[in-house]
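This note sets out some points to follow while viewing the structure. Please keep the sequence at hand and locate each residue as it is named.

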Amino acid sequence: MDSIFKDGMSAALISGIKEVLDSDLIGVDDKDVELILDFGNATVYSTQAVGIDRAATAAQQAVANFLQQNNLLSSVQGILISFAASESLRMREVHEALNILCNSVPDDTTVVAGAVVRNEMNEALRLTIIVTGTNLMASLNLVGGVNNFV
């Protein structure tokens with residue numbers, strides 16, 4: 001797995017990858033991560049939401065505050081998605097959020113998603129996305145959202 005950690009990656013990117021690899025509810029392995037990172041130009045965004053539609057809200061925040069503002073919607077080639085929440089996380093939530101995210105990127109985008117149980121999250125849900133293969137300047141590798149946890 002050391003081969004996926006290239007020189008110059010930010011601590012936020014490594015933290016995001018680690019959380020995805022720690023996925024225990026929906027598992028992601030190092031080959032999944034490598035597949036996405038091979039597209040190059042990795043950019044990380046993390047946000048959290050609470051409430052009945054917390055996953056959909058977090059996904060909408062990611063689309064509006066990150067993908068659209070940075071004009072990544074048309075150029076993303078790979079997206080690695082991690083959901084972190086307490087045991088209250090439901091597959092319905094994950095499915096809704098994935099629909100929002102997948103409908104916002106090109107049809108041929110490679111998408112890998114994982115979910116991890118973090119009981120310390122209580123009622124919050126953290127969504128971390130790593131997009132790759134974009135035309136975004138490589139110097140931009142951390143974009144923070146409201147309540148950024150990266």
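1. A first pairing in the sheet. The residue I79 stands opposite V131 of strand β4. The model in which this is seen is a predicted one. The pairing belongs to a longer run, since strands β2 and β4 are joined in the antiparallel sense over eight bridges.

2. The other neighbour of β4. Which residue stands opposite V131 from strand β1? It is T43. Strands β1 and β4 also pair in the antiparallel sense, again over eight bridges. V131 can therefore be followed to T43 and to I79 in turn.

3. The setting of β4. Strand β4 covers residues 124-132, and nine of its nine residues are buried. A124, R126, T128, I130 and T132 point one way from the strand, while L125, L127, I129 and V131 point the other way. Such a pattern is expected, because side chains in a regular strand alternate between the two faces of the sheet. Residues on either side of β4 are buried.

4. The parallel pair. Strand β2 spans residues 78-85 and strand β3 spans residues 110-117; the two pair in the parallel sense over eight bridges. Within this pairing, A84 has V116 of β3 as its bridge partner. Between β2 and β3 the chain passes through helix α4, residues 91-102, and this β-α-β crossover is right-handed.

5. The largest nonpolar core. This core holds 24 residues, and those touching the most other members are I81, F83, L89, L101, L125, L127 and I129. Two or more residues come from each of β1, α3, β2, α4 and β4. Which element gives the largest share? Helix α3 does, with six residues.

6. A closer view of I129. Leaving aside neighbours within four places in sequence, I129 is in contact with T43, V44, Y45, A62, F66, I79, L80, I81 and L101. A second core, separate from the one described above, has nine residues, including V28, V44, L80 and V112. The reader will notice that V44 and L80 are among the contacts of I129 and are also members of the second core.

7. A salt bridge between two helices. The structure holds three salt bridges. One of them joins R54 and E93, whose closest N and O atoms are 2.6 Å apart. R54 lies in helix α3, residues 54-67, and E93 lies in helix α4, so the pair ties together parts that are 39 residues apart in sequence. Are these two residues buried or exposed? Both R54 and E93 are buried.

8. Salt bridges within helices. In general, side chains of opposite charge can pair when their charged atoms come close. The side chains of E34 and K31 meet in a salt bridge with an N to O distance of 3.9 Å. These two residues are three places apart in helix α2, which means that about one helical turn separates them. E34 is partly exposed at 22% relative accessibility, whereas K31 is exposed at 55%. In helix α4, E96 and R92 are four residues apart and are likewise separated by about one helical turn. Their side chains form a salt bridge at 3.1 Å, N to O. Both count as partly exposed: E96 has a relative accessibility of 29%, and R92 has one of 45%.

9. Two asparagines with positive phi. Most residues other than glycine have a negative phi. Where, then, is N41 found? N41 is in the loop between α2, residues 30-37, and β1, residues 43-50. Its phi is near 50 degrees, a positive value in a residue that is not glycine. N41 is partly exposed, because its relative accessibility is 36%. N122 also has a positive phi, of about 55 degrees, although it is not a glycine. This residue lies in the loop between β3 and β4. N122 counts as exposed, because its relative accessibility of 51% is over the 50% cut-off.

How values were computed
Residues numbered from 1 in each chain as written. Predicted model: local features only at pLDDT ≥ 70, side-chain atom pairs only at ≥ 80, totals over all residues. Heavy atoms only, no water. Pairing = 2+ DSSP bridges. Right-handed = clockwise from strand over helix to strand, strands pointing away. Buried < 20%, exposed > 50% of the residue type's maximum accessible area, 1.4 Å probe, protein only. Salt bridge = Lys/Arg side-chain N within 4 Å of Asp/Glu carboxyl O. Core = buried A, V, L, I, M, F, W, Y, C linked by side-chain atoms within 4.5 Å. Contact = heavy atoms within 4.5 Å.
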